[in-house]
Amino acid sequence: MDTSAKTVVNQIKKLDVKWIRLQFCNPFGLLHQLSIPADEITKESFVNGFPLDGSSILGFTVINKSDILLVPDPSTFAVLPDYFDSTPSDGEDYSPKAARMFANIYNGFGGGRFSNDSRHIAQKAEQYAKKNGFTKSYWAAELEFFVFDKAKSITNETTENNKSDTPSIISREAPWISDDVENVIALKSGYYRDSPSDTLTNFRDEVCDTLKQFGTKTIAHHHEVATAGQSEVVLSYQGLLKMGDSFVSGVKTIREIASKRRMVASFNPKPMQNDNGSAVHINQSLWKTKNKKDYNAFYDPSDKYAELSQTAHYYIGGLLEHARALCAITNPSQQSYKRLVPGYEAPTNIAWGKMNRSVSVRIPTHHKKRPESKRIEYRPPDPTSNIYLAETVILLAGLDGIKKKIQPPDPVDVDTYKLSESEMQKLSIKKLPTSLKESIDAFNSDNNFLKPVFDDDFLEMYISHLD
């Protein structure tokens, strides 16, 4: 579909759209939105934009430099399902036909692109990869989340099966709630469960079908390991910016459909102390062009271990070198570090290997001799991160490894959770941070690799809000 400004204006009229939801994320991943009457959208809107008080958005700008502009990105135009933006009620809901577009953000008074716009940072990252000789990059995300029937915030609540100081969780699947003893999902027993134990198959069907309206393809969905409605939706490969947009659309869609069903979607990385938490495993590959044909720069059929090229090895070296610093972006909440503990399939050790889910960098090896599927999976990130920034810092760490030819240690093919300290040292395995403070300290001493894309002012602002 042609997504020029002219075409979008015509589509708005043809489809009788009444409202445009102009959306953008703050630097910490929170989605914001401005609603504009559809008849206010003209071709000039895609140049002149719409005003925003940037000082009222966390991490944007100060009060004396507050005038910024939201400029619609016509390539992201999509008509919203009629239940979006509606709160379930006993009365009749008013649901006018609406569409959404993501915004590119500009400084006011002709000041150019706004440096704290995370979509802009993602766009700069894609350009930086091209400057380094890579025609394109592909990204896929495994989005994990919970859907509860109810969740109450009760401080220091403790039950026999759900020891937690966060929410009081009510789920028909949970062993501490359900009377359905035949179909209940025990702790750490939910992976790929079928219905009726998995009560959310239809929910995820609806999520994936709805995402098609936003141009987002899903590869699969399933119940995840934890009880109490843990789910995963696998978003298909796209470019870095488009994957960011798809991820934000995915989170929004999950929240909306849960609300419609009078349920609660949770992206908390670790809502239950003694069950698995939610991650965002990010898969990536870099591609080059030769003789007008694209090829996967991570693939080398002569590599007997995992069919990885030397470029891929250097990329892994960069990820491992900067893994502790990356956590400030990929795991930016206190709750993030309740997930990064041994025994729950969350990485705690800075190592890599094929098939190995106990390390931070896994090389999927389900198939041989399939260059199109050769990729690197980075496992630490969680849903509290800003996806645009998470993808960008991962890319920059990998590119730094390629630039500096950082050779990673030997791969690790054993369960790293079971290694002794002396065995860890022998294998050159370091640990990921165990707290947000630790990750901030690591970031403050290791962020030069981000400078090709990030402004110093942005990095200082971001860390100051985490601290």
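This report walks through helix packing, salt bridges, strand pairing, a buried histidine and some unusual backbone spots in a predicted model.

## Helices α3 and α5

Let's start with a pair of helices. Helix α3 covers residues 118-131 and helix α5 covers residues 240-260; their axes come within 8 Å and cross at roughly 150°. Angles over 145 degrees count as roughly antiparallel, and α3 and α5 are therefore roughly antiparallel to each other.

On the α3 side, the residues that meet α5 are Arg119, Ala122, Gln123, Ala125 and Glu126. Their counterparts in α5 are Leu240, Leu241 and Asp245. Sorted by class, this contact has 4 nonpolar, 1 polar and 3 charged residues. Two of the residues named here turn up again in a salt-bridge network, where Arg119 and Asp245 are joined with Asp73 through shared partners.

## Helix α4 and its surroundings

Helix α4 spans residues 201-211, and its buried residues are Phe203, Arg204, Glu206, Val207, Cys208, Thr210 and Leu211. These buried residues pack against three strands, β7 (136-148), β10 (218-223) and β11 (230-238), and also against helix α5.

Glu206 deserves a second look, as this residue forms a salt bridge with Arg261, with the closest N and O atoms 2.7 Å apart. The pair links distant parts of the chain: Glu206 sits in α4, while Arg261 lies in the loop between α5 and β12 (264-266), 55 residues apart. How buried or exposed are the two partners, Glu206 and Arg261? Glu206 has a relative accessible area of 16%, so this residue counts as buried, whereas Arg261 is partly exposed at 31%.

## More salt bridges

Side chains of opposite charge can pair when their charged atoms come close. Across the whole structure, a search finds 18 salt bridges. One of them pairs Arg324 with Glu438, whose closest N and O atoms are 3.0 Å apart. This bridge also links distant parts of the chain, from helix α7 (residues 323-330) for Arg324 to helix α11 (residues 436-445) for Glu438, 114 residues apart. Arg324 is partly exposed, with a relative accessible area of 27%, and Glu438 is partly exposed as well, at 26%.

Another salt bridge joins Lys451 and Asp456, with 3.3 Å between the closest N and O atoms. Here Lys451 is partly exposed at 33% relative accessibility, and Asp456 is partly exposed at 42%.

## Strand β15 and its partners

Strand β15 (residues 349-354) is mostly covered, with 5 of its 6 residues buried. Which strands pair with β15, and in what sense? Strand β16 (residues 359-363) pairs with β15 in the parallel sense over 4 bridges, and strand β18 (residues 430-431) pairs with β15 in the antiparallel sense over 2 bridges.

Individual residues help to locate these pairings. Asn349 has Val359 in β16 as its bridge partner, while Ile350 stands opposite Lys430 in β18.

## Around His322 and Phe449

His322 is in the loop between α6 (310-321) and α7, and with 4% relative accessibility this residue counts as buried. Which residues does His322 touch, apart from neighbours within four places in sequence? They are Ala397, Asp400, Asp446 and Phe449.

Phe449 lies in the loop between α11 and α12 (456-466) and is buried too, with a relative accessible area of 8%. Beyond its own neighbours within four places in sequence, Phe449 contacts His322, Ala325, Leu326, Val393, Leu396, Ala397 and Asp400. For Phe449 and Asp400, the C-alpha atoms are 6.3 Å apart in space, although the residues are 49 apart in sequence.

## Backbone spots worth a look

Most residues other than glycine have a negative phi, and most peptide bonds are trans. Against that background, Ser195 and Pro196 are joined by a cis peptide bond, with omega about 5°. Pro196 is located in the loop between β9 (167-170) and α4.

Asn291 is not a glycine, yet has a positive phi of about 55°. This residue is in the loop between β13 (280-290) and β14 (293-296), and is exposed, with a relative accessible area of 68%. Lys369, also not a glycine, has a positive phi of about 60°. Lys369 lies in the loop between β16 and β17 (376-378) and is exposed, at 66% relative accessible area.

Key:
Residues numbered from 1 in each chain as written. Predicted model: local features only at pLDDT ≥ 70, side-chain atom pairs only at ≥ 80, totals over all residues. Heavy atoms only, no water. Axes fitted to C-alpha atoms, helices over the stretch in contact; angles between N-to-C directions. Parallel < 35°, antiparallel > 145°, perpendicular 65-115°, else oblique. Contact = heavy atoms within 4.5 Å. Nonpolar A, V, L, I, M, F, W, Y, C, P; charged D, E, K, R; others polar. Buried < 20%, exposed > 50% of the residue type's maximum accessible area, 1.4 Å probe, protein only. Salt bridge = Lys/Arg side-chain N within 4 Å of Asp/Glu carboxyl O. Pairing = 2+ DSSP bridges.
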